[in-house]
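Dear colleague,

I am passing on the structure we spoke about, followed by notes on what I found when going through it. Please read them with the model open beside you.

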Amino acid sequence: MALRIPMIAGNWKMNLGIAEGAELVRGIAAGIRDVKGVDVLVAPPFTALPAVREAIGDAGIFLGAQNMHWETEGAYTGEVSAAMLKETGCTHVILGHSERRSLFREPSEDIDRKAAAAVREGLIRRQLEGSLQQFRVQGSMPASTILAYEPVWAIGTGLTATPDEAREVHGFIRGWLGDTFVSDAADQVRILYGGSVKPGNAADLMAQPDIDGALVGGASLQAETFAGIVRFDPV
Ligand code: PGA
């Protein structure tokens, strides 16, 4: 089985200004300096991306955005493209978050187009079935893709799936990848759990065989708390 490096990703949502974002990421970098073997990503709002990129320096924290458009440029007022995100130093982009789907009515077809565009630009992202249609047609999915399973009732509520419940769904997703793609996607793609992940529950979740990391919302807005999740299993 391929070795999947755990990833802890912080989704800041529509929180924090430029100076606050830079300060937070400096605090995270300081809090995880000695941690090895975990990929760490922060996804600030668009406005804070350049400042957060600069504040990261050589700390080895990945930078992600929270959305993008599938076209490279043009008359799309209010949108940003994958190339623009790359220019700010993003290596990743979160696509198809449940808040985008429920609050902004984003359909799977749009997420599918975004997913294909993100991969074309070398940005990496997530969600199943309709949202990965173009990969299904191709029959392969880039190993660098990261999926996230987040029970909607667990997002921002303080409720979490039990490690057993989460393991069952992650196992299902891994099985779906294996059935759907001829490539090694099932072994290589990381599947993150999200929904009220905190320092106190991260270790139990991360101990499950098919859980490769966490997508963290509320608890990613404080350096100490987020660093506590990254240090779920101190080495
Ligand atoms: P939460 O959000 O950690 O605040 O529940 C997770 C997410 O929506 O990505």
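I begin with Q66, where a polar atom of the side chain lies 3.3 Å from the backbone oxygen of P44. Please keep in mind throughout that this is a predicted model. The same side chain, that of Q66, also reaches the backbone oxygen of K13, here at 3.0 Å. Q66 itself is placed in the loop between β3 and α3, and, once residues up to four places away in sequence are set aside, Q66 touches N11, W12, K13, M14, A43, P44, P45, V93, I94 and R100.

The loop between β3 (62–65) and α3 (82–87) also holds N67, which counts as buried because its relative accessibility is 11%, under the 20% cut-off. The side chain of N67 is joined to that of K114 by a polar contact of 2.8 Å. Apart from neighbours within four places in sequence, the residues in contact with N67 are F46, V80, L85, V93, I94, L95, R100, E106 and K114.

K114 leads on to helix α5, where it is one of the buried residues, together with D110, I111, D112, A115, A116, A117 and A118. The helix, residues 108–120, has 13 residues and spans 18 Å from its first C-alpha to its last, close to the 18 Å expected at 1.5 Å a residue. Its buried residues pack against α3, β4 (92–93), α4 (98–103) and α6. Within α5, A116 has a relative accessible area of 11% and is therefore buried; its C-alpha atom is separated by 7.8 Å from that of W70, although the two residues are 46 apart along the chain. Just after α5, G122 takes a positive phi of about 80°.

The ligand site comes next. There are 13 residues around the ligand, and those that come nearest are K13, H97, E150, G156 and S196. K13 is thus among the nearest residues to the ligand, while its backbone oxygen is reached by the side chain of Q66. For H97, a polar side-chain atom lies 2.7 Å from an oxygen atom of the ligand. An N or O atom in the side chain of E150 is likewise 2.7 Å from an oxygen atom of the ligand, whereas in S196 it is a backbone N or O atom that lies 2.7 Å from a ligand oxygen. Taken alone, the ligand exposes 280 Å², of which the protein buries 95%.

Turning to helix α7, residues 163–180, I note that it has 18 residues and reaches 25 Å from its first C-alpha to its last, close to the 26 Å expected at 1.5 Å a residue. Which residues of α7 are buried? They are A166, H170, I173, R174, W176 and L177, and because they cover an arc of only 155° around the axis, they lie on the same side of α7. On the other side of α7, E168, F172 and D179 are exposed. The cover over the buried residues of α7 includes α6 (133–138), β5 (146–149), α8 (185–188), β6 (190–194) and α9 (199–206).

A comparable description can be given for helix α10, residues 223–230, in which F226, A227, I229 and V230 are buried. Seen down the axis of α10, these buried residues fall within an arc of 155°, so they line one face of the helix. Among the elements that cover them are β1 (7–11), α1, β2, α9 and β7 (213–216).

V230 also brings in V35, which touches V230 and R231 when residues up to four places away in sequence are not counted. V35 lies in the loop between α1 (18–31) and β2 (39–43) and, at 22% relative accessibility, counts as partly exposed, since that category runs from the 20% limit for buried residues up to the 50% above which a residue is exposed. The C-alpha atoms of V35 and G213 are separated by 15 Å, with their positions 178 residues apart along the chain.

With best regards

Methods. Residues are numbered from 1 along each chain as its sequence is written. This is a predicted model: local features need pLDDT of at least 70, side-chain atom pairs count only at pLDDT 80 or more; totals for chains, interfaces and linings use all residues. Side-chain values use heavy atoms; hydrogens and water are left out. Helices (H or I, at least four residues) and strands (E, at least two) are DSSP runs, numbered from the N terminus. The expected span of a helix is 1.5 Å times one less than its number of residues. Buried means under 20% relative accessible area, exposed over 50%, partly exposed in between (1.4 Å probe, protein chains only). The arc is that of the directions from the helix axis to the C-beta atoms. Contact means heavy atoms within 4.5 Å. A residue is near a molecule or strand if one of its heavy atoms lies within 4 Å of it. A polar contact is a pair of N or O atoms within 3.5 Å; within protein, one must be able to donate a hydrogen and the other to accept it, and residues adjacent in sequence count only if both atoms are side-chain atoms. Accessible areas come from the Shrake-Rupley method with a 1.4 Å probe; for residues, only the protein chains shown count as cover.
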